[in-house]
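Colleague: I am new to this structure and would be grateful for a guided discussion. May we begin once it is displayed?

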Amino acid sequence: MLIPVGFPNSDTTGPAAGTSFRDFTGDYEVRQDGAVVDSLRVVGSISVHADNVTIQNCEVNASGQISGISQVSGSGLTVQNCRVYGLASKSDRKATHVLEGIGNAAEVSFCEIFGVENAVTGGSSYIHDNYMHDFARWIAADDHTDGLQTYGWSDAGGLRVIHNTIIAILTAGDYTPTKYGAGSSAIALSEGMHDLTIDGNFFAGGSYTLYGPSQRPSAPANVHVTNNRFSRHYFPHCGEFGTHTGFNRNAPGFLWSGNVWHETERTLAP
């Protein structure tokens, strides 16, 4: 689909043009606090076991891995200007299983992530200016593919999802959905997440495009969904079933403002 001018796409994300890569095959382990990993082209994965590591201008073909880039232990991981992806291989199912593109990072920015089940996982991260698209279902027919998946982060606070392009459409995998949006979303939030901001993003596709954190009676506070654009390119309601579910408009500090239908500029009600 045509991405609107000003939103992240393949040209504005990923490693800088002209990057001179060093090649590596296997699991590239980072165990030094404060390390900077730059210009690495990996067939395999990058696993971080240290604090405050930065990974930049890297490309990871994560086919056959659980994660492309992941904070396994430690904290403070920053991932910027990287491309992480999985490739389809019908002849070898295990070679295609990529559960998460980038996992548990504190900040993910200017990255292109595709061909994975979940592009980014985490709960209190700062996720901005990324292009996430062409998800893949590798494990089971009822898997849920997502741009951002926060499973395991119930009640977390401080998540910021700012100015990303997330196209929640399945285009690869072992299981073919009956419809493109089945079992997919741009963002799937865990119950009770609070003090979170989803602002200035471009969304298209999904079952519901956004799954909110208000699935139980005690709704979380300070959930802000603002200034996002929802496209009808794939479905009349952006997602197959609608733009969003699981957001409690009566929760303390809830804000839904400035969200519009991309094609018409009409205001989208909560």
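Colleague: What area does the protein expose, and what percentage of it do carbon and sulfur atoms supply?

Modeller: Please note that this is a predicted model. The protein exposes about 11100 Å². Of that area, the share supplied by carbon and sulfur atoms is 49%.

Colleague: What percentage of the residues in the protein are buried?

Modeller: A residue counts as buried when its relative accessible area is under 20%. The protein has 270 residues, and the buried portion of them is 54%.

Colleague: How many helices and how many strands make up the secondary structure?

Modeller: No helix is found, the count being 0 helices. The secondary structure of the protein therefore comes down to strands under the run lengths applied, at least four residues for a helix and at least two for a strand. The number of these is 28 strands.

Colleague: Among contacts between residues at least 6 apart in sequence, what percentage join residues at least 24 apart?

Modeller: A contact here requires heavy atoms within 4.5 Å. Among contacts between residues at least 6 apart in sequence, the portion joining residues at least 24 apart is 63%.

Colleague: Which strands stand at the edges of the open sheet of 9 strands?

Modeller: The sheet has parallel pairing and the order 2-4-7-10-13-17-21-24-27. A strand at the edge has a single partner strand, so one of its sides is left without a neighbour in the sheet. From one strand to the next, the twist averages 5°. The edge positions belong to strand 2 (36–38) and strand 27 (255–257).

Colleague: Which residue in strand 21 stands opposite valine 161?

Modeller: Strand 17 (residues 160–162) and strand 21 (residues 196–199) run parallel and are joined by 3 bridges. Opposite valine 161, in strand 21, stands isoleucine 198.

Colleague: Which residue in strand 25 is the bridge partner of phenylalanine 203?

Modeller: Strand 22 (residues 202–205) pairs in the parallel sense with strand 18 (residues 165–168) over 4 bridges, and isoleucine 167 stands opposite alanine 204 of strand 22. Strand 22 also pairs with strand 25, again in the parallel sense, over 3 bridges. In strand 25, the partner of phenylalanine 203 is phenylalanine 230.

Colleague: Which residues are joined into one network by salt bridges that share partners?

Modeller: The structure holds 5 salt bridges. In one of them, arginine 83 in strand 8 (residues 83–85) meets glutamate 59 in strand 5 (residues 59–61), with the closest N and O atoms 3.4 Å apart. Arginine 83 also forms a salt bridge with glutamate 112, at 2.9 Å from N to O, and that pair is 29 residues apart in sequence. The network therefore consists of Glu59, Arg83 and Glu112.

Colleague: Is glutamate 112 buried or exposed?

Modeller: The limit for a buried residue is a relative accessible area under 20%. Arginine 83, at 18%, falls under that limit, and so does glutamate 59, at 16%. Glutamate 112 has a value of 5%, so it counts as buried.

Colleague: Which residues does glutamate 59 touch, not counting residues up to four places away in sequence?

Modeller: Glutamate 59 and phenylalanine 21 are 38 residues apart in sequence, and their C-alpha atoms are 8.5 Å apart in space. Phenylalanine 21 is one of the residues that glutamate 59 touches. The full list is Phe21, Leu40, Arg41, Val42, Arg83 and Tyr85.

Colleague: How many residues apart in sequence are the parts that arginine 229 and glutamate 265 tie together?

Modeller: The side chains of arginine 229 and glutamate 265 meet in a salt bridge of 2.3 Å, N to O. Arginine 229 is buried at 17% relative accessible area, whereas glutamate 265 is partly exposed at 48%. Arginine 229 lies in strand 25 (residues 229–231) and glutamate 265 in the segment after strand 28 (260–261), so the separation of the parts in sequence, in residues, is 36.

Colleague: How many disulfides does the structure hold?

Modeller: A disulfide requires cysteine sulfur atoms within 2.5 Å. The closest cysteine sulfur to that of cysteine 58 is in cysteine 82, at 4.7 Å, which is too far for a bond. For cysteine 111 the closest cysteine sulfur is also in cysteine 82, at 4.8 Å, again too far. The number of disulfides is 0.

Key: Residues numbered from 1 in each chain as written. Predicted model: local features only at pLDDT ≥ 70, side-chain atom pairs only at ≥ 80, totals over all residues. Heavy atoms only, no water. Buried < 20%, exposed > 50% of the residue type's maximum accessible area, 1.4 Å probe, protein only. Areas by Shrake-Rupley, 256 points an atom, 1.4 Å probe, with all protein chains shown as cover. Pairing = 2+ DSSP bridges. Axes fitted to C-alpha atoms, helices over the stretch in contact; angles between N-to-C directions. Salt bridge = Lys/Arg side-chain N within 4 Å of Asp/Glu carboxyl O.
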